[in-house]
Amino acid sequence: QVQLVESGGGLVQAGGSLRLSCAASGRSFSSYVMGWFRQCPGREREFVAGFSWGGGSPYYAHSVDGRFTISRDNAKNTVFLQMNSLKPEDTAIYYCAAALGPAKYDYWGQGTQVTVSS
């Protein structure tokens, strides 16, 4: 069982920055493929950023590419999402997720709220 706990959400003005963290349990964190998703009220959960299964390269949704950066610290079992130049449309609950295999994300955190005011 893998437990994921997000933190770092909050209220920020448009143009500002936030850094989300996701702490993971488990001894094999370095082998997990990690990702970030978000969900706005009334909308489907959508992919934001993650690491590719094969080579571990980061990749991003078009809407955040160039503004958000995903990174990880395997020594601390933590994955981060640096969010810059935030826009009101980035307002959502942000979730981190862990994949143990290439087919799907297996574990999810409880989410952290990000609100961007205009």
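Where is the place of Tyr95? Tyr95 sits in strand 9, residues 92-99; strands here are DSSP runs (E, at least two residues), numbered from the N terminus. The legends below describe a predicted model in which local features need pLDDT of at least 70, side-chain atom pairs count only at pLDDT 80 or more, and totals for chains, interfaces and linings use all residues. Residues are numbered from 1 along each chain as its sequence is written, and side-chain values use heavy atoms, with hydrogens and water left out.

**View 1. Surroundings of Tyr95 in strand 9.** Tyr95 counts as buried at 13% relative accessibility; buried means under 20% relative accessible area, exposed over 50%, and partly exposed in between (1.4 Å probe, protein chains only). Not counting residues up to four places away in sequence, Tyr95 touches Glu6, Gly35, Trp36, Phe37, Gln39, Arg45, Trp108, Gly109, Gln110 and Gly111, where contact means heavy atoms within 4.5 Å. Ser52 is 43 residues from Tyr95 in sequence, and their C-alpha atoms are 17 Å apart.

**View 2. Glu6 in strand 1.** Strand 1 covers residues 4-7 and includes Glu6. Glu6 is buried but has no salt bridge, that is, no pairing of a side-chain nitrogen of Lys or Arg within 4 Å of a carboxyl oxygen of Asp or Glu. The nearest side chain of opposite charge belongs to Arg45, 8.1 Å away; Lys and Arg count as positive and Asp and Glu as negative, while His and the chain ends are not counted. A polar atom of the Glu6 side chain lies 3.0 Å from the backbone nitrogen of Gln110, and the Glu6 side chain also reaches the backbone nitrogen of Gly111 at 2.9 Å. Beyond four places in sequence, the residues that Glu6 touches include Ser21, Cys22, Trp36 and Tyr95.

**View 3. The open sheet containing strand 1.** Four strands form this sheet in the order 1-3-8-7, with antiparallel pairing; two strands pair if DSSP finds at least two bridges between them. Strand 1 and strand 7 (68-73) are at the edges with a single partner strand each, so one side of each has no neighbour in the sheet. From one strand to the next the twist averages 15°, taken between axes that are lines fitted to C-alpha atoms, with angles from 0 to 180 degrees between N-to-C directions. Strand 1 is joined to strand 3 (residues 18-24) by four bridges, and Val5 stands opposite Ala23.

**View 4. Gly9 in the loop between strand 1 and strand 2 (10-13).** Gly9 is partly exposed, with a relative accessible area of 31%. Its C-alpha atom is separated by 5.3 Å from that of Thr112, 103 residues apart along the chain. Leaving aside neighbours within four places in sequence, Gly9 is in contact with Leu20, Thr112, Gln113 and Val114.

**View 5. Strand 4 and its partners, strand 9 and strand 5.** Six of the seven residues of strand 4 are buried, so the strand is largely enclosed by the rest of the structure. Seven bridges join strand 4 to strand 9 in the antiparallel sense, and Trp36 has Cys96 as its bridge partner there. In strand 5 (residues 46-51), which pairs with strand 4 over four bridges, the bridge partner of Trp36 is Ala49.

**View 6. Arg38 in strand 4 (residues 33-39).** Arg38 is buried, with a relative accessible area of 5%. Its side chain makes a polar contact of 2.9 Å with the side chain of Asp90 and another, also 2.9 Å, with that of Tyr94. A polar contact is a pair of N or O atoms within 3.5 Å; within protein, one must be able to donate a hydrogen and the other to accept it, and residues adjacent in sequence count only if both atoms are side-chain atoms.
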